[in-house]
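Please go through the model below with this briefing at hand. The points are grouped by topic.

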Number of protein chains: 2
Amino acid sequence: MVACVFLLCHNDIIKLIITKERGSDTLNTEHASSYKASNYRTPDGAPADIVIFTITSEAKGSVKKALPLRELQVLLIQRKQWPFEGQWALPGGFSTESETIHESARRELTEETGVSDVHLEYFNVYSTPQRDPRGWIISHAYFALVHESFLEKRQAADDAADVRLFPVEEALAMDLAFDHEIIIRDALAQIQMKMLTTTIAKEFLAEEFTISELYQVIQTVVPTFNERNFIRKITSTQSRKGIIEEVMDHNGQGKMSNRYSQRAAQLYRFTDYVPQLSIYS
Amino acid sequence: MVACVFLLCHNDIIKLIITKERGSDTLNTEHASSYKASNYRTPDGAPADIVIFTITSEAKGSVKKALPLRELQVLLIQRKQWPFEGQWALPGGFSTESETIHESARRELTEETGVSDVHLEYFNVYSTPQRDPRGWIISHAYFALVHESFLEKRQAADDAADVRLFPVEEALAMDLAFDHEIIIRDALAQIQMKMLTTTIAKEFLAEEFTISELYQVIQTVVPTFNERNFIRKITSTQSRKGIIEEVMDHNGQGKMSNRYSQRAAQLYRFTDYVPQLSIYS
DNA sequence: AAAATAGTGTCTTTAAGACAATATATT
DNA sequence: AATATATTGTCTTAAAGACACTATTTT
C-alpha cells in the first residue's frame, strides 16, 4: 500500500509526501510490540554548510617594522539562483548517500579553498522547520580554520566577485541567506571557546611564530583576552610550558625573527601536547 | 521531467530514487552560473538517538553508614522488529518536518524517562553509508543526564524487560544494534570531558550534596580523577570557590548531613557561576 | 634621541601538594 | 575503644599578578 504525491511548488523544486508502511519505531512500551501504519515524510536533503574562517594581516603603512593589523574574516559566496538569489551565503552543498556528511564537508572545503589539509570541525545541526524554502532540509554546520596564505592564491586565481572574505562583524550585520547569520554567530562563539581551551591558534599561524603573533591571534578571535604577563605564563609556568617550545637553529641557539620588530624575537612552535583542562584540579 | 522508482526491499521498507531537476548548489565558480540537471537521492530519515546516562547508588550492605557504591549506567531498549530484532539499542525516533531535531529528541526523552526538565545535549551526527539497513538514515546523537530518582519510578511502573539500565562498560561489551556502540563510546568520552570542564556533575546530584558525594560522582564518570586535596581546592581556592557554596540553615549556621557518615558533613549547592577555562591564563 | 617591540627583576599574594593530626558520631 | 567519614594544621614549593626596568634595533 503505497501512495506518492508530488507537489510542484517551484520549477526546480519537488516536494513529495510518501505514505509507507513501516514498523513503529516509537519506544513507548505500549506500542513496542505492535506494528502501526504511519505517514512518513522524509527529508529533502542533508547538506553541510561550512563557516570558513581566516585571519588576514595587513602591514601598517606608517612604520616599516610594526605588528600587522589582524582581522578575523569569513568566506561567503553570492547566490546565483533561487532561493535568496543575490544574497550572500555560506559555502556548502548537499551530501550524498555514498559518503558521510564529514566527507561531503571536506569535499566542499577543498573545492572552495583548494587546500585539503585544513582544520575542519563539526559543531551543530540546524533543523528549524521552514529554514529552507526548498523543503525539509537539515543542515550540518562545520567550521574550518584556514591560514591566510592558503586563500591568497585562490583569491587571485579567479577574481571572483561572487566569492569573498568579509570581516566577521560585517558579515553578521549583512542580510544573509537562510539562517546563516545564526550559524556564523554560533561558529564564532565556538571558535572563541576553542581558541582559549585548545591549541587551534596554530591553524592561523605559520609553523614558527613569535609570542606577540600568538598573542595577536588570540586577541583577534577573542577581543576580551588580555593577559599582562602573557610571555611569563606561556614560557615559564610548568603546567603550561609544554604547549609551545623554542625553535633552535643548527648551533643550538634560539632561532630569532625580526619581521615585526627592531629587537629580534624568539621563534616558537606548538608541540603535540594536548592540554587537559579541569575546573576541579 | 520526473522519474520515480520504488524498490521494495523488505516488506516494511521502501527505497526510492528520484530524478529531479534542481539548480546546482555546487559553489564551484565554473558551475555557479549554469543550471545543471542532477540525480538527487534524498535521505530516508533523520532520527535522534539519545544516550541516557544515570548514576545509580547502592548502599553497602556491611555497614550502616557508609558511602554508597556508585555506577554509571546507560538506558537501552530491546528491539522488537527488523532490523536488529532482539538486540539492544539506544532509545530514539525519527524526527518530523514540523519540529527541530532537538525537539524530537526532547520528546523521545520525555517518553522514555517521564521527566522533562533534564539535561539534554547534542554531540554528533552519524552518517556512515549503510549504517542502517533500512536506507539512508542520518542519526543525530544526544546525551541526557538524569538523576537516578527520576528513573526509579519509571523502572517500577512497567517492569519492562525491554527497557533496562546497563553499566556502561557492560553495554559497550554487548552486541548492540546499528553503530550504537560507537555512539555510546563517543558519548562517554564527551561526558568525561564535560564532567571536568563544566558543572554537569550537578545533574547527577541532589540540589544539596556533600563534598564526598561530588567527588564520588566525578570519579564514577572519570575513574582516573584523583585529587588528594579536593576539599581544599573546591572550598578555599579563590578562582574556584565560586562554583559551589555552603548551604545555611535558618540560623545562619552551616546545614549539615550525616546520611553517609558518623561526623556530619557540610552541605553545598552549585551556584549559577559558569567557569571559564583557558590554557593561556 | 625617540620609537617600537622584546624581554627580565623583584616583590607580594595566592594556590598546589603532601600528609599528619584532630573532630564527631556510630557500632 | 575501634571505626568511618569529615575537616583542619602546617610546611614547602610553584604560580599569579603587578609593574618598573633593561635590551635591541630602526628611524
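Strand β8 of chain A, residues 119-126, is mostly covered, with 6 of its 8 residues buried. In this predicted model, β8(A) runs antiparallel to strand β9 of chain A, residues 139-146, and 7 bridges join the two. A:His119 stands opposite A:Leu145 of β9(A).

**Chain A overall**
- Chain A holds 7 helices and 14 strands.
- Of its 281 residues, 52% are buried.
- About 13,400 Å² of chain A is exposed, and carbon and sulfur atoms supply 50% of that area.
- Take the contacts in chain A between residues at least 6 apart in sequence: 60% of them join residues at least 24 apart.

**A:Thr199, a loop residue**
- A:Thr199 sits in the loop between α5 (180-197) and α6 (211-221) of chain A.
- Is A:Thr199 buried or exposed? A:Thr199 counts as buried because its relative accessibility is 11%, below the 20% cut-off.
- Leaving aside residues up to four places away in sequence, A:Thr199 touches A:Ile243, A:Phe270 and A:Pro275, and also B:Ile279 and B:Tyr280.
- Its side chain makes a polar contact of 2.9 Å with the side chain of A:Lys202.
- A:Phe209 is 10 residues away along the chain, and its C-alpha atom is separated from that of A:Thr199 by 14 Å.

**The loop between β5 and β6**
- In chain A, this loop joins β5 (69-78) and β6 (88-89) and contains A:Pro83.
- The peptide bond from A:Trp82 to A:Pro83 is cis, with omega near -5°.
- A:Phe84 is found in the loop between β5 and β6 of chain A too. Its phi is positive, near 60°, and it is not a glycine.
- A:Phe84 counts as partly exposed because its relative accessibility is 26%, and the partly exposed class lies between 20% and 50%.
- In chain B, the peptide bond from B:Trp82 to B:Pro83 is cis, with omega near -5°. B:Pro83 lies in the loop between β5 and β6 of that chain.
- B:Arg79 lies in the loop between β5 (69-78) and β6 (88-89) of chain B. B:Arg79 counts as buried because its relative accessibility is 8%.
- A polar side-chain atom of B:Arg79 lies 2.6 Å from the backbone oxygen of B:Pro83.
- For context, most peptide bonds are trans, and most residues other than glycine have a negative phi.

**Two more sites in chain B**
- B:Gln130 is in the loop between β8 (119-126) and β9 (139-146) of chain B. Its phi is positive, near 70°, and it is not a glycine.
- B:Gln130 is exposed because its relative accessible area is 70%, over the 50% cut-off.
- Helix α5 of chain B, residues 211-221, is mostly covered: 9 of its 11 residues are buried. Among them are B:Ile211, B:Leu214, B:Tyr215 and B:Val217.

**Around DNA strand C**
- How many residues surround DNA strand C? There are 23, and the closest are A:Ser212, A:Arg232, B:Thr237, B:Gln238 and B:Arg240.
- They divide into 6 nonpolar, 10 polar and 7 charged residues.
- Sugar or phosphate holds 58% of the strand C atoms within 4 Å of the protein, and bases hold the rest.
- Phosphate oxygens of strand C lie 3.2 Å from a polar backbone atom of A:Leu67 and 3.0 Å from a polar side-chain atom of B:Lys233.
- An N or O atom in the side chain of B:Arg263 is 2.9 Å from a base nitrogen of strand C.
- Two or more residues of this surface come from each of α7 (230-236) and β13 (265-266) of chain A and α6 of chain B.

**Around DNA strand D**
- DNA strand D has 22 residues around it, and A:Gln238, A:Gln262, B:Ser212, B:Arg232 and B:Gln266 come nearest.
- Sugar and phosphate account for 57% of the strand D atoms within 4 Å of the protein.
- The surface near strand D has 6 nonpolar, 9 polar and 7 charged residues.
- A polar side-chain atom of A:Thr237 is 2.7 Å from a phosphate oxygen of strand D.
- A backbone N or O atom of A:Gln262 lies 3.3 Å from a sugar or linking oxygen of strand D.
- Which base atom does the side chain of B:Arg232 approach? An N or O atom of that side chain is 2.5 Å from a base oxygen of strand D.
- In chain B, α6 (230-236) and β13 (265-266) each supply at least two residues of the surface near strand D.

Definitions and conventions: Residues are numbered from 1 along each chain as its sequence is written. Chains are lettered from A and ligands numbered from 1 in the order in which they are written. This is a predicted model: local features need pLDDT of at least 70, side-chain atom pairs count only at pLDDT 80 or more; totals for chains, interfaces and linings use all residues. Side-chain values use heavy atoms; hydrogens and water are left out. A residue is near a molecule or strand if one of its heavy atoms lies within 4 Å of it. A polar contact is a pair of N or O atoms within 3.5 Å; within protein, one must be able to donate a hydrogen and the other to accept it, and residues adjacent in sequence count only if both atoms are side-chain atoms. Helices (H or I, at least four residues) and strands (E, at least two) are DSSP runs, numbered from the N terminus. Ala, Val, Leu, Ile, Met, Phe, Trp, Tyr, Cys and Pro count as nonpolar, Asp, Glu, Lys and Arg as charged, and the others, Gly among them, as polar. Buried means under 20% relative accessible area, exposed over 50%, partly exposed in between (1.4 Å probe, protein chains only). Contact means heavy atoms within 4.5 Å. Accessible areas come from the Shrake-Rupley method with a 1.4 Å probe; for residues, only the protein chains shown count as cover. Two strands pair if DSSP finds at least two bridges between them.
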